[in-house]
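Me: I'd like a close look at just one part of this protein: its nonpolar core and whatever packs around it. Could you walk me through that in one go?

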Amino acid sequence: MSTTTTEMPCMDCDEPLDFQGFLLFVLATVCISTCTLNCLKTCWDLTKRRQRIAASKNLLLQNQMRQLETQLPTVNYDSIEYPINDSCVVCIEDFNNDDNVRKLVCSHIYHSECVDMWIIEKNTCPICKKTVLINPGEALTLV
Ligand SMILES: [Zn+2]
Ligand SMILES: [Zn+2]
């Protein structure tokens, strides 16, 4: 049995000190730039993700507004024959004849700009809690 002894080069004594310094510098540079790149990539991914979420929420909102307009189109207050309430409980203002209002299935009336976001978030009448949209889709997942 013969053992071959391999001569490992000794970094400490064989190599000049400048080279080690340079090597350390290169290593440090590579580490720092990798970290920086990773950070930038994470930031970029997060931004993209936020944009995607915002875009899909926006799309959802548009879809819900379309559904609302289809199922409960806004009307002028003076076109409602027997209004059940003559003021909007959201803003506590009396209706004017040319106000854009929504008459819900329960006959309660609101300014459309006062009640639209409420309906999209809760899908109930603020007064009697009756369901407003028949098929709100993903309305209730928007929180
Ligand atoms: Zn109002
Ligand atoms: Zn109601």
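Reply: Let's start with the core itself. The largest nonpolar core has 11 residues, namely Leu68, Cys88, Val101, Leu104, Ile109, Tyr110, Val115, Ile119, Ile120, Cys125 and Val132. A nonpolar core here is a set of buried Ala, Val, Leu, Ile, Met, Phe, Trp, Tyr and Cys residues joined through C-beta atoms within 7 Å. Buried means that 20 or more other C-beta atoms lie within 10 Å of a residue's own; exposed means 12 or fewer, partly exposed is in between, and the C-beta atoms are placed from the backbone. Keep in mind that this is a predicted model: local features need pLDDT of at least 70, side-chain atom pairs count only at pLDDT 80 or more, and totals for chains, interfaces and linings use all residues. Residues are numbered from 1 along each chain as its sequence is written, while chains are lettered from A and ligands numbered from 1 in the order in which they are written.

Which elements give two or more residues to this core? Those are β5 and α3, and α3 supplies the largest share, 3 residues. Helices (H or I, at least four residues) and strands (E, at least two) are DSSP runs, numbered from the N terminus.

Now the helix. Val115, Ile119 and Ile120 are buried in α3. They cover an arc of only 135° around the axis, so they sit on the same side of α3; that arc is taken over the directions from the helix axis to the C-beta atoms. Right after α3 comes Asn123, with a positive phi near 55°.

Next, the sheet. It is an open one of 3 strands in the order β1-β4-β5, with antiparallel pairing; strands pair if DSSP finds at least two bridges between them. At the edges are β1 (75-76) and β5 (109-111), each pairing on one side only. Helix α3 (residues 112-122) packs on this sheet and touches β4 and β5, and its direction makes about 105° with that of β5. Contact means C-beta atoms, placed from the backbone, within 7 Å; the axes are lines fitted to C-alpha atoms, for helices over the stretch in contact, and angles run from 0 to 180 degrees between N-to-C directions. Strand β4 (residues 100-103) is joined to β5 by 3 bridges, and Val101 stands opposite His111 in β5.

For the wider setting, 12% of the 143 residues of the protein chain count as buried. The chain comes to 3 helices and 5 strands.

Notes:
Contact = placed C-beta atoms within 7 Å.
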